[in-house]
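Trainee: I would like to learn how the labels on a model like this one are decided. Please take me through them one at a time, setting each value against its definition.

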Amino acid sequence: PTNEWHRIIEGHYGFAYEGKPVYTPPFNRDKHVAAVPTYPFTIARGWDFGFHNPVVTWHQMVRCKKKVPHWHVLREFVPADLEAEALATEVLRLSKEWFPAHKPQQFMDAGDRAGKQPTDHGPGPIHRLAAAPWHLRIQYHADQMKVEPGVAMIRQALKDTCPCGLPRMLIHRDCHVTLDTFAGGYHYPKEVPGKPLVDKPYKDGYYDNVAD
């Protein structure tokens, strides 16, 4: 398969298969990877906090000529060992660098509700980053969200081809960690003979953060 060819022949991998991939199939590099353009309207930033492997990704939802919404993943930032304040400072800098035509009010932010929980530093990062100099309003769902509905939604987006002829979901080719996540870095636990099969994705503290 094409994904295996990229991984084995070209060495495009950042993970080892331990269990069944969550998104492959339907994810296919030939179909879902492109030099995704940026349009002059709102960019959404998705935040997953955590000191060791925080993640921020940039997205746009666009309507094609057929008036069908498409999901574009534009950029990623996957650092290591970075506090929330330093993370936010770098994200704001990268946003200006990567999207110089966009004004600050053209970005919207969302994150896991765990980001509002108090930490050893006091209030959670969502509350701390609302203050100066960041002034970020990071939205979150008030209720605990289950993983399965989100996985099903993304699978459907990957499966769909629009009447315009393009996939409903595209990922920028520069988002290397995100691509590895879709190609199998985000996976189910390895099957162990004699033990019940676990049907929830494995939390490795890295690819599952990107997937979240």
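Mentor: Gladly, and pairing is a good place to begin: two strands pair if DSSP finds at least two bridges between them. Strands are DSSP runs of E with at least two residues, helices are runs of H or I with at least four, and both are numbered from the N terminus. Keep in mind that this is a predicted model, in which local features need pLDDT of at least 70 and side-chain atom pairs count only at pLDDT 80 or more, while totals for chains, interfaces and linings use all residues. Residues are numbered from 1 along each chain as its sequence is written, and side-chain values use heavy atoms, with hydrogens and water left out.

Trainee: What makes strand S2 and S5 a pair?

Mentor: S2 (residues 43–48) and S5 are joined by five bridges and run parallel. The definition asks for at least two, so five bridges satisfy it. Within this pair, Ala44 stands opposite Met108 in S5.

Trainee: How do you know that S5 and strand S6 pair as well?

Mentor: They share two bridges in the parallel sense, S6 being residues 138–139. The cut-off is at least two, so two bridges are enough. One bridge has Asp109 with Ile138 of S6 as its partner.

Trainee: Which residues of S5 are buried, and which are not?

Mentor: Buried means under 20% relative accessible area, exposed means over 50%, and partly exposed lies in between (1.4 Å probe, protein chains only). Along S5 (residues 107–111), Phe107, Asp109 and Gly111 point to one face and are buried, whereas Met108 and Ala110 point to the other and are not.

Trainee: Why is S4 called largely enclosed?

Mentor: Eight of its nine residues are buried, so the rest of the structure largely encloses S4. As for its partners, S3 and S4 run antiparallel and are joined by eight bridges, with His59 bridged to Val73 in S4. S4 also pairs with strand S7 (residues 169–172) in the parallel sense over three bridges, and there His72 has Leu170 as its partner.

Trainee: What does Arg75 touch?

Mentor: Arg75 is placed in strand S4. Contact means heavy atoms within 4.5 Å. Leaving out residues up to four places away in sequence, Arg75 touches Val56, Thr57, Trp58, Trp98, Phe99, His172 and Cys175.

Trainee: Why is the meeting of the Arg75 and His172 side chains called a polar contact?

Mentor: A polar contact is a pair of N or O atoms within 3.5 Å; within protein, one must be able to donate a hydrogen and the other to accept it, and residues adjacent in sequence count only if both atoms are side-chain atoms. The two side chains come to 3.4 Å, so the distance falls within the 3.5 Å limit.

Trainee: Why is Cys64 said to be in no disulfide?

Mentor: A disulfide is a covalent bond between the sulfur atoms of two cysteines. Here the label goes to a pair of cysteine sulfur atoms within 2.5 Å. The structure holds zero disulfides. For Cys64, the nearest cysteine sulfur is that of Cys162, 3.5 Å away, so this pair fails the 2.5 Å cut-off. Cys64 has 17% relative accessibility and counts as buried.

Trainee: What makes Arg93 and Glu90 a salt bridge?

Mentor: Side chains of opposite charge can pair when their charged atoms come close. The criterion is a side-chain nitrogen of Lys or Arg within 4 Å of a carboxyl oxygen of Asp or Glu. For Arg93 and Glu90 the closest N and O atoms are 2.6 Å apart, so the pair qualifies. They sit three residues apart in helix H3 (residues 84–98), about one helical turn. Arg93 also meets Glu97 at 2.8 Å, and these two are four residues apart in H3. Glu90, Arg93 and Glu97 are therefore a network of salt bridges.

Trainee: How exposed is Arg93?

Mentor: Its relative accessible area is 41%, so Arg93 is partly exposed. Glu97 is partly exposed too, at 48%, as is Glu90 at 24%.
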